[in-house]
Amino acid sequence: MVSFAAEPIFRLGFFPVTNTVLDTLIVDGVLVGAAYYIKKNLKLIPGFFQNLSEFAIDTMYNLTESVAPGRAAKIFPYFATFLLFILLANWSGLVPGFGTIGFFEGEGANRTLVPLLRSTTTDLNTTLGLAIFSAVATHILSIRIIGIKQYLGRYFSLNPINQFIGFLEMISEITKVISLSFRLFGNIYAGEIVLGTISTLFAIALPLPFLLLEFIVGFVQALVFAMLTMAFMAILSTPHHEAKEVSHA
Amino acid sequence: MEILKTFGVDPILLVAQIINFIVILYILKKLLYKPVMDMLKKREDVIKEGLKQAEEGKLTLEKALEEEKKILKKAQDQSKKIVDNANEQASAVSKEIEENARKQADKILEEAKRQIEQEAKDTEKRLSENVTNLSIDILRKSISELFGEKEQKALVEKAIRNITKKK
């Protein structure tokens, strides 16, 4: 059975290179490689691949624009990168060989397989890192767009009732990070466990529907993480008076 | 914090993942989003420009067609005017010629009439003279035997007077 923590494959000085770190590097490589390929082959009259990437980026941009009108240019890169990175990370765990090729550790009953590669979103380090970065980026964006005064006004007030709301806001900011990270981690990790279990029960044909399910779950979870980040950014970057107008409308 | 250890959270890995994501975000922004968005914008501009040019071309064509129609109409009008003018002129000229001819003919006719009249008069005069002379001769011959020279003379003179008086 796969452990919660990612297994270190080797150490680079003080840095433990785990199987999820290796997967992260693979996902990075694919993303950067694809981006480089697209940029290099960018033409005014697009080919199939360029059409596809343009469609994807345009769709994501329009989605951002519809959620946060006027601020899409700032929010869009975060949304798109979260979506692409998490999507590839989630799906990377479904590639044959991931989680199955590795080496054995331990003796007798403790003998377990340590996979060389493991989807990076099954590591809480990754999902927590993403969630923390999402929160920090959201707050920085908020300060840059609506200004420090309005930003602080959300959490601190001389009015006791508003101060209480501000206190709740502060807690919600912390829970956002926890919910984002554990939702992603839990879903993908559980998916891997299910796949592993089903595969040990019956290796042929039976895992196929689950693979398809995990394929969809991987997409949905990436979308959920990215959309939530986008929504948080849109909410926190909306000036106070504008938010009221919106609620009245 | 115990739970974090259970889940294998390692500050080093956590920071590494955050840095990794920031780097990826930066690279994708530079390498993917910006060029693709720029390209989309550029294409939009090109298409807009093309459509605008097509519209302009259409307008120009329409204008040219209108101009062509105008010019054709003008030319037609002008040619009609020229033909009309020519017709008018020709009819005027022909009328004039006709008039001249008629006048000349009239003149000639009159001249001829006058000449004929003159001739007739002359002829008449000559005839009367001849008749007079003849009658005098006849008279002279006929009376030469009847009357003497004196009487003859007086008679002839009287006859001549009578004849000339008659005349």
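Leaving aside neighbours within four places in sequence, which residues is Ser92(A) in contact with? The list is Asp23(A), Val27(A), Phe98(A) and Ser119(A). Keep in mind that this is a predicted model, so everything here is computed from predicted coordinates. Below is a quick tour of chain A, of where chain A touches chain B, and of a few salt bridges, including one that joins the two chains.

**Chain A overall**

- Chain A is built from seven helices and four strands.
- Going along the sequence, those elements come in the order β-β-α-α-α-β-β-α-α-α-α.
- If you want a feel for the dimensions, the C-alpha atoms of chain A fill a box of roughly 65 × 55 × 40 Å along the principal axes.
- Chain A has 249 residues, and 42% of them count as buried.
- Looking at contacts in chain A with a separation of 6 or more, 67% come from residues 24 or more positions apart.
- The accessible surface of chain A is about 13100 Å², and carbon and sulfur atoms hold 74% of that surface.

**Two buried spots in chain A**

- Ser92(A), the residue from the opening question, sits in helix H3 of chain A.
- Ser92(A) counts as buried because its relative accessibility is 8%, which is under the 20% cut-off.
- Over in helix H5 of chain A you'll find Gly191(A).
- Gly191(A) is buried too, because its relative accessibility is just 3%.
- From Gly191(A) to Ile204(A) you move 13 residues along the sequence, and the C-alpha atoms of the pair are 18 Å apart in space.

**Where chain A meets chain B**

- On the chain A side, 43 residues are in contact with chain B, and they meet 31 residues of chain B.
- The size of an interface is often quoted as the accessible area lost when the parts come together.
- For chain A and chain B, the buried area is about 3600 Å², with carbon and sulfur atoms giving 81% of it.
- Seven residue pairs, with both residues at pLDDT 80 or more, are in polar contact between chain A and chain B.
- Which elements give two or more residues to the side of chain A that touches chain B? They are strand S2 (15–18), helix H1 (19–40), helix H2 (48–67), helix H3 (72–92), helix H4 (124–153) and helix H5 (160–201) of chain A.
- H1(A) gives the most to that side, with nine residues.
- Sorted by class, the side of chain A that touches chain B has 30 nonpolar, eight polar and five charged residues.

**The salt bridge across the chains**

- Side chains of opposite charge can pair when their charged atoms come close.
- How many salt bridges are there between chain A and chain B? The count is one.
- The partners are Glu54(A) and Arg43(B), whose closest N and O atoms are 2.8 Å apart.
- Glu54(A) lies in helix H2 of chain A and Arg43(B) in helix H2 (residues 11–144) of chain B, so this pair joins two chains.
- Are these two residues buried or exposed? Both Glu54(A) and Arg43(B) are buried.

**Salt bridges within chain B**

- Over all chains, the structure holds eight salt bridges, and two of those lying in chain B are picked out here, Lys34(B) with Asp38(B) and Lys41(B) with Asp45(B).
- In the pair of Lys34(B) and Asp38(B), the closest N and O atoms are 3.4 Å apart.
- Lys34(B) and Asp38(B) are about one helical turn from each other, because they are four residues apart in helix H2 of chain B.
- Lys34(B) counts as partly exposed because its relative accessibility is 47%, and Asp38(B) is partly exposed as well, with a relative accessible area of 41%.
- The side chains of Lys41(B) and Asp45(B) meet at 3.3 Å, N to O.
- Lys41(B) and Asp45(B) also lie in helix H2 of chain B, four residues apart, about one turn of the helix.
- With a relative accessible area of 46%, Lys41(B) is partly exposed, while Asp45(B) counts as partly exposed at 36% relative accessibility.

Key:
Residues numbered from 1 in each chain as written. Chains lettered and ligands numbered in written order. Predicted model: local features only at pLDDT ≥ 70, side-chain atom pairs only at ≥ 80, totals over all residues. Heavy atoms only, no water. Contact = heavy atoms within 4.5 Å. Buried area = accessible area lost by both parts, 1.4 Å probe. Salt bridge = Lys/Arg side-chain N within 4 Å of Asp/Glu carboxyl O. Polar contact = N/O pair within 3.5 Å; in protein donor to acceptor, adjacent residues only side chain to side chain. Nonpolar A, V, L, I, M, F, W, Y, C, P; charged D, E, K, R; others polar. Buried < 20%, exposed > 50% of the residue type's maximum accessible area, 1.4 Å probe, protein only. Areas by Shrake-Rupley, 256 points an atom, 1.4 Å probe, with all protein chains shown as cover.
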